[in-house]
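Me: I am new to reading protein structures, and I would like to go through one slowly with you. Could you show me how to read its features, giving the general idea before the particular case?

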Amino acid sequence: YSFRINIPGGVCRGFARPIIKPELLTLPELMKQNGYHTGMVGKWHLGIDYPLKPGADRKQETEKGMFALGGVIDWSKPCSGGPVDNGFDYYFGEDCINYGPFTYIENQKAVLVPTVRSESRKGGPTWTAPDFRSDEVLTKDTEKAVEYIQRQSKTDQPCFLYFAQPSPHAPHAPSDAFKGKSGHGRYYDYVLQSDWSVGQVVKAIDEAGIRDNTLIIFSSDNGTEVHGYEYNAEHPEYHVSGPLRGLKRDLWEGGHRVPFIVSWKGTIKPGQVSDDTVCVVDFMASFSELVGAELPEDAGGDTMSILPALLGTGRVDRTKKVPYIHNYGDDLAIRQGDWIYIDGKTGGVNRDKRTKSYLERNGYEPHDFPGELFNLRQDLSQHDNLYAEYPEKVKQLADLLDKYRKTPGTVCR
């Protein structure tokens with residue numbers, strides 16, 4: 001889980017060093033060991049080592065600021081520590097679409113050279129390639145994902161593709177073809193383009209004649225960015241989180257409960273719905289079981305197989321291993337069964353005027369308790385804090401959380 005990763009701010013910043021330990025088994029490495037060609041397209045955001053010009057000092061440059069390093073990178077040389085060095089046979093995409101550097105990387109080389117000083121999407125200077133446009137990224141990535149499917153389907157080797165769409169993450173930059181298409185602003189335009197992108201990938205699989213032998217999974221890493229509060233105010237008929245409370249970073253359900261759609265023509269019966277608690281960290285154990293491989297004891301961290309839920313053949317009992325734990329910084333929440341306990345005064349991490357307005361508009365009342373306890377089966381929107389009514393449940397979940405909080409992580413350098 002992400003709470004085990006000791007990174008200031010919780011994510012890699014611009015020009016960050018790689019965070020994955022070289023000795024750790026990654027999912028693409030697991031698939032390669034079992035005969036698969038592995039490809040990735042899109043947002044990496046796990047750190048890359050960019051080669052520096054002769055005489056440049058990394059420590060001195062980074063002390064000048066997060067993005068200063070871009071001025072002393074030798075873009076003619078291959079980078080390291082990225083997707084290709086972590087198990088992917090092929091890569092095309094972006095280090096990080098909102099921090100920079102703003103360029104495309106194919107395998108280990110920059111396709112476009114960032115030579116222009118510009119503003120990052122997070123504030124502060126960064127570096128941009130003159131021909132790089134944010135509103136072209138999703139289209140370009142989609143084209144590359146389709147090309148990978150077309151190329152690999154002509155071989156006898158099975159393939160594994162991880163397509164990390166940059167959308168609908170900020171910056172919300174739909175292409176010209178989708179601007180204004182939703183009639184409700186650029187965020188919803190970007191959602192429409194994301195849907196189009198998925199459709200292009202599925203179409204490529206169909207046209208390649210491999211749909212019956214392809215498992216397709218669509219999901220996300222977190223809820224909508226905090227801009228969603230503005231979009232809700234502008235278009236109250238469309239709630240970006242549906243009935244869920246909160247947005248990205250929040251420990252409430254809107255911060256981390258995301259779509260999870262699975263398709264495997266001829267193997268998975270369409271229309272099935274599972275209410276099991278699953279997480280993207282579970283791909284490691286699930287795919288290992290799917291390909292008939294034995295996962296080493298020190299691999300995968302908190303992963304557990306959810307293959308019965310994926311295939312629609314049974315239930316997943318998370319009580320047998322690690323319960324679901326979500327965090328932002330030092331704030332933690334634990335889910336077990338219908339219950340979720342938030343170890344802090346509030347699950348709202350986005351503490352600004354937009355959050356306050358949203359809570360008031362939707363009837364959420366403040367409280368003075370040191371934590372929050374919700375029964376999601378009875379109260380999916382998390383209006384009723386049951387912290388004072390069920391002290392035994394609070395203690396049980398707090399003790400369980402403390403137990404797993406003390407176990408070591410395995411992912412970072």
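Reply: What follows is a talk through a few features of this model, which is a predicted one.

Me: Let me begin with the sheet that contains β10: what is the order of its strands, and how do they pair?

Reply: A sheet is read by going from strand to strand across it. Here the sheet is an open one of four strands in the order β10-β11-β12-β13, and the pairing is antiparallel. The edge strands are β10, covering 324-328, and β13, covering 372-375, each of which pairs on one side only. From one strand to the next, the twist averages 15 degrees.

Me: How many bridges join β11 and β12, and which residue stands opposite R335?

Reply: Strand β11, with residues 331-336, pairs with strand β12, with residues 339-342, in the antiparallel sense over four bridges. Opposite R335 stands I340 in β12, while Q336 stands opposite W339, also in β12. These two strands form a hairpin with two residues between the strands, and there G337 takes a positive phi near 65 degrees. On to the next pair: β12 and β13 also pair in the antiparallel sense over four bridges, and in that pairing I340 stands opposite F374 in β13.

Me: Which residues of β12 lie on one side and which on the other?

Reply: The general idea is that in a regular strand the side chains alternate between the two faces of the sheet. In β12, W339 and Y341 are on one side, I340 and I342 are on the other, and all of them are buried, so that both faces of this strand are covered.

Me: Which helix lies across these strands?

Reply: Helix α9, made of residues 391-405, lies across β10, β11, β12 and β13, and its direction makes an angle of about 115 degrees with β11.

Me: Now for helices beside one another: how do the axes of α3 and α4 cross?

Reply: Two packed helices are described by the angle between their axes and the distance between the axes. The axes of α3, residues 137-152, and α4, residues 186-207, come within 9 Å and cross at roughly 10 degrees. Because angles under 35 degrees count as roughly parallel, α3 is described as roughly parallel to α4. The crossing in which α3 passes α4 is right-handed. Among the residues that make the contact are L138, T142, V146 and I149 of α3, together with Y190, W196, V201 and I205 of α4.

Me: Where are cis peptide bonds found, for example before P168 and P171?

Reply: As a starting point, most residues other than glycine have a negative phi, and most peptide bonds are trans. In this model, a cis peptide bond joins S167 and P168, with omega at about -5 degrees, and the bond from A170 to P171 is also cis, with omega near 5 degrees. P168 is placed in the loop between β7, which covers 159-164, and α4, and P171 is placed in the loop between β7 and α4 as well.

Me: And what is the phi of N107, and of R249?

Reply: N107 is not a glycine, although its phi is positive, at about 55 degrees; this residue is found in the loop between β3, which covers 105-106, and β4, which covers 109-110. R249 is likewise a residue other than glycine with a positive phi, here near 85 degrees, and its place is in the loop between α5, covering 228-234, and β9, covering 260-263.

Me: Are those two residues buried, exposed or partly exposed, and why?

Reply: The cut-off matters here, because a residue counts as buried when its relative accessible area is under 20% and as exposed when that area is over 50%, with partly exposed in between. N107 has a relative accessible area of 31%, so it is partly exposed, whereas R249, at 17% relative accessibility, counts as buried.

Me: What does T128 touch?

Reply: T128 lies in strand β6, residues 125-128, and is buried, with a relative accessible area of 13%. When residues up to four places away in sequence are not counted, T128 touches F102, V113, P114, T115, V116 and S118.

Me: Finally, how many disulfides does a search of the whole structure find?

Reply: The search finds zero disulfides. As for individual cysteines, C12 counts as buried at 5% relative accessibility, and C279 is buried with a relative accessible area of 12%.

Technical notes: Residues numbered from 1 in each chain as written. Predicted model: local features only at pLDDT ≥ 70, side-chain atom pairs only at ≥ 80, totals over all residues. Heavy atoms only, no water. Pairing = 2+ DSSP bridges. Axes fitted to C-alpha atoms, helices over the stretch in contact; angles between N-to-C directions. Contact = heavy atoms within 4.5 Å. Disulfide = S-S within 2.5 Å. Buried < 20%, exposed > 50% of the residue type's maximum accessible area, 1.4 Å probe, protein only. Parallel < 35°, antiparallel > 145°, perpendicular 65-115°, else oblique. Left-handed = near helix turned anticlockwise from the far one by under 90°.
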